[in-house]
Amino acid sequence: IVLKWINSSSDDLLRYELFRRSNEEKNPVKIKEWSAKDSLSTFTDKSITPGGVYFYSIRVYDDAGNNSFSSERSVIYETGKRGKISDIHFTVDREKRNITLNWNYPEKDIFSFVIYKSKKGEQLRTWKTVNGNLNSIADKELYINNIYVYRIKAVLNNGAESEMSDALEVNY
């Protein structure tokens, strides 16, 4: 998030402080302080999380010891992309004739998971879409002596999507 502001033209200012708080925080945290003699009028905040809502304000101090807070300004930081699902495991059960995929994904507010499947060497296709509160699925659409490739993507309630997971190859 890039913040820009216009500094005061008052001659008696000593310093500025920039504060930020997220939706989860009650109290703002000071993230930058600078002298009024500096011409700083922009700040890039890189310590933020996609999907987060942040509130910014500036406190100004003068040489008489007075200070004043600006009103808070809110910013939603949304890239539309999240990190990929990297914690995926599988089990092969030849007696039950299935492959079970299990995954963990730490994001909140997941709408669904899209699972892609193919035989090795073929093009991936959307195989199943499951509810976002699930983290496991059994594949019973299998033929012996094949290598199956799976990839998973999360879709969040706000429409953002994760990157597709790395390919998981399963010998059946």
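I99 faces D139 of β13, a strand being a DSSP run of E with at least two residues, numbered from the N terminus. I99 belongs to a predicted model, in which local features need pLDDT of at least 70, side-chain atom pairs count only at pLDDT 80 or more, and totals for chains, interfaces and linings use all residues. Residues are numbered from 1 along each chain as its sequence is written, and side-chain values use heavy atoms, with hydrogens and water left out.

Strand β10 (residues 98–104) runs antiparallel to β13 and is joined to β13 by four bridges, where pairing requires that DSSP finds at least two bridges between two strands. These strands belong to an open, antiparallel sheet of three strands in the order β9-β10-β13. Because β9 (87–93) and β13 (136–139) are the edge strands, each with a single partner, one side of each has no neighbour in the sheet. From one strand to the next the twist averages 20°, with axes taken as lines fitted to C-alpha atoms and angles running from 0 to 180 degrees between N-to-C directions.

The largest nonpolar core has 20 residues, of which I85, I99, L101, W103, F113, I115 and Y150 touch the most other members; such a core is a set of buried Ala, Val, Leu, Ile, Met, Phe, Trp, Tyr and Cys residues joined through side-chain atoms within 4.5 Å. Two or more residues each come from β10, β11 (110–119), β12 (125–131), β14 (147–156) and β16 (168–171), and β14 gives the largest share, four residues. Another core, of 12 residues, lies apart from it and includes L3, W5, F43 and Y56. In soluble globular proteins, nonpolar side chains tend to be buried together.

D45 lies in the loop between β4 (42–44) and β5 (52–62). D45 is buried at 4% relative accessible area, where buried means under 20%, exposed over 50%, and partly exposed in between (1.4 Å probe, protein chains only). Its side chain makes a polar contact of 2.6 Å with the side chain of Y56, the term denoting a pair of N or O atoms within 3.5 Å, of which, within protein, one must be able to donate a hydrogen and the other to accept it, while residues adjacent in sequence count only if both atoms are side-chain atoms.

Two loop residues other than glycine have a positive phi.

| Residue | Loop | Phi | Relative accessibility |
|---|---|---|---|
| R97 | between β9 and β10 | near 60° | 60%, exposed |
| N145 | between β13 and β14 | about 65° | 68%, exposed |
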